[in-house]
Amino acid sequence: MPIHVSWGNAEKTYTCFTYTGNWTWAEYYQSIEQGYALTKDLPHTINILLDLSEARLFPTGLLTNIQSSMEHPPRQFTVAAIVSTSPYVMTVANMIDRVYGRQVTQFKIFKTRAEAEAYLAEYDRTPNALPKSASVPATSLPPPSV
């Protein structure tokens, strides 16, 4: 599968979604289900690292699917660290942050995975971060818009 889901660290404070090559929205929604299965039994906030450094172009319907994902996340998160050097991905990430960042979710873009991991580690150590128990899992996944 072109989207691999795993824990980002041993403390289980963030999940990692690694995109490679071409992928579809059906695979995207399947990866969300896999991520939720990993995290559903944990009471604390679990953030996200999206590694798009090896991904190809987005499938058509980007804005519709991102909007659906943000309006109906399977689980709340406070930070999405996005790894990419693509100007297009950076533009989309900045747009998402402007639109959805007001809802206490930060979207940060990094050029390397190491930078994203360092940011998330620092975030976990920051005493001013939102309480780790502030998240409430949503009850259902959004329907795929393929």
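In which loop does Arg 56 lie? Arg 56 is found in the loop between β3 and α2 (62-71), and the legends below return to this residue after an overview of the chain.

**Figure 1. Overview of the predicted protein chain, with its 4 helices and 5 strands.** This is a predicted model, in which local features need pLDDT of at least 70 and side-chain atom pairs count only at pLDDT 80 or more, while totals for chains, interfaces and linings use all residues. Residues are numbered from 1 along each chain as its sequence is written, and side-chain values use heavy atoms, with hydrogens and water left out. Along the sequence the pattern reads β-β-α-β-α-β-α-β-α, where helices (H or I, at least four residues) and strands (E, at least two) are DSSP runs numbered from the N terminus. Of the 146 residues in the protein chain, 40% are buried, a term that stands for under 20% relative accessible area, with exposed meaning over 50% and partly exposed lying in between (1.4 Å probe, protein chains only).

**Figure 2. Confidence along the protein chain, given as pLDDT.** The mean pLDDT is 82, and 82% of the residues reach 70 or more; pLDDT is the predictor's confidence in each residue, from 0 to 100. Over residues 130-146 the pLDDT is below 50, although this stretch has 44 contacts in the model beyond near neighbours in sequence, a contact being heavy atoms within 4.5 Å. Where pLDDT is low, the predicted coordinates should not be read in detail.

**Figure 3. Close-up of the largest pocket, which holds about 160 Å³ of space.** On a 1 Å grid over the protein atoms alone, a pocket is an open set of points with protein on both sides within 12 Å along at least five of seven lines, a cavity is a set of points where a 1.4 Å probe fits but cannot get out, and lining residues have an atom within 4 Å of a point. Grid points are joined across faces, edges and corners, and a volume is the space filled by probe spheres set on the points. The residues lining the largest pocket include Trp 23, Leu 52, Arg 56, Phe 58 and Tyr 88. Both β3 (47-55) and α3 (87-100) supply at least two residues of this lining, and the largest share, 3 residues, comes from β3.

**Figure 4. Close-up of Arg 56, one of the residues lining the largest pocket.** Arg 56 counts as exposed because its relative accessibility is 55%. Although Arg 56 and Asn 22 are 34 residues apart along the chain, their C-alpha atoms are separated by 5.2 Å. When neighbours within four places in sequence are left aside, Arg 56 is in contact with Gly 21 and Asn 22.

**Figure 5. Close-up of the largest cavity, with a volume of about 550 Å³.** A search of the whole structure finds 1 cavity of 30 Å³ or more. Its lining has 32 residues, of which Tyr 28, Ile 32, Ile 48, Leu 50 and Phe 77 lie nearest the centre of the cavity. Helix α1 gives the most to this lining, with 6 residues.

**Figure 6. Close-up of Ser 31, a residue of helix α1.** Ser 31 counts as buried because its relative accessible area is 0%. Apart from neighbours within four places in sequence, Ser 31 is in contact with Met 1, Ile 3, Val 5 and Phe 17.
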